[in-house]
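Student: I would like to go through this structure with you. Where should we begin?

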There are 2 protein chains.
Amino acid sequence: MAEVTQVSFSEQLRQEAGTAWDEVARHRFTDELAAGTVERAVMAKYAVQDHRFLDAFVVLLASMVAAARSLDDRIPGCQFLALITGRENTYFVRTFEALRISEEDRRTTPPTEAQAKLESIMRDAVASGSLSEILAVLVVCEWTYQSWGERVQVETGVPFYCQEWVDLHRGPYFGSVVDYLRGLLDREAAGLNTDEKAKVRARFMATLAVEKEFFDSCYEK
Amino acid sequence: MAEVTQVSFSEQLRQEAGTAWDEVARHRFTDELAAGTVERAVMAKYAVQDHRFLDAFVVLLASMVAAARSLDDRIPGCQFLALITGRENTYFVRTFEALRISEEDRRTTPPTEAQAKLESIMRDAVASGSLSEILAVLVVCEWTYQSWGERVQVETGVPFYCQEWVDLHRGPYFGSVVDYLRGLLDREAAGLNTDEKAKVRARFMATLAVEKEFFDSCYEK
């Protein structure tokens, strides 16, 4: 008899995504970051555009915390909110300084199409009021980053903005955040009907597609 | 000529509250806590019932973070969320141990009327979707606690659950939290019409009244 393996909902979505997942988790940008060979202009574009998500991402995560089912489900989300508005925010501030990107530069650089799309995905998920749809977006954002964060080998002597960006997306703490978000999504999935599951799947795939576009856009001149 | 003093909206509400404010900020419970003379049964009742708010309070604060107007406005809220689900939550856990209150005891103790009322106020403010009404509740909860926290003199050698509960509600960090919440409320008030201001005022006064009832209820046999 064949062994029946229980595949979690989040794992199922990742498997369904197929190569779309690897296109993010194995993107050129992530390898160049770890090797320290990422061009200054590419890194600058990435940092300016990625920092733009912070506000929408905080809204997304805070909305998830408010919509979660119990205090225990909220606590890790609250701790992660503090990290992304603390350590991760100072990372951006120091990176802008190192790359000599002024506040004026940031303000006058228009959002890229990919940035605007991904930000819309975040804000639309919040507006849906659906905990599972919010979680779908969060899971893709964090789990794809963990996938490349754990995969790459950082060369010694790379600039801090390469080293620290990898360090923020790997290791036991970040792993616990990804497990937490996936666990919440898997638990919610058990109570969803076919239509609701389809909506969650659509959010998952749309977020994944735009994550790739976002990395690609950093190489556009 | 008389000097025109600009009184902030939050200060105006506190002044309007009059003695109702002092009934919370100068409540017997707060003095007994600082003196270490609070009876075990009173402290136990307080701790069990107060810990019940943590979940609703996290929802209230996370909803405020999500509804705030900018990333800068969200950041201190995120850091405070981490504190109340971290340091403040472990305070309760250690207090329950010291007072030999089991999880079973906590589960089987029904909420007091005052606890249920205050929790409803928090959840109703969230349901209103109004940032200023959410802030009104948060401001009363934190500012009244700061008022007594800064006022009382803690006797040496009091139990840790007295000392630490005072320490969590005074000092520069807690002061910055109160200033932050009041600042957000004052800023929102500038854009409110008379009807909206009346709603905010009603939330403020209702919260204050129940804070007193809550302290009183800890002395009921």
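Tutor: We may begin with the largest nonpolar core, which has 163 residues; A:Met64 and B:Met64 are those with the most contacts inside it. A nonpolar core is a set of buried Ala, Val, Leu, Ile, Met, Phe, Trp, Tyr and Cys residues joined through side-chain atoms within 4.5 Å. Buried means under 20% relative accessible area, exposed over 50%, and partly exposed in between, with a 1.4 Å probe and protein chains only.

Student: Which helix gives the most to this core?

Tutor: Helix H4 of chain A, residues 40-67, gives the most, with 17 residues. Helices are DSSP runs (H or I, at least four residues), numbered from the N terminus.

Student: And how was the model obtained?

Tutor: This is a predicted model, in which local features need pLDDT of at least 70 and side-chain atom pairs count only at pLDDT 80 or more, while totals for chains, interfaces and linings use all residues. Residues are numbered from 1 along each chain as its sequence is written, chains are lettered from A and ligands numbered from 1 in the order in which they are written, and side-chain values use heavy atoms, with hydrogens and water left out.

Student: What does B:Met64 touch?

Tutor: Not counting residues up to four places away in sequence, B:Met64 has contacts (heavy atoms within 4.5 Å) that include B:Leu131, B:Tyr180 and B:Leu184.

Student: How many disulfides are there?

Tutor: The search of the whole structure finds 0 over all chains, a disulfide being a pair of cysteine sulfur atoms within 2.5 Å.

Student: Why is A:Cys78 without a bond?

Tutor: The closest cysteine sulfur, in B:Cys78, is 8.7 Å from that of A:Cys78, too far for a bond. A:Cys78 counts as buried because its relative accessibility is 0%.

Note on methods. Helices (H or I, at least four residues) and strands (E, at least two) are DSSP runs, numbered from the N terminus.
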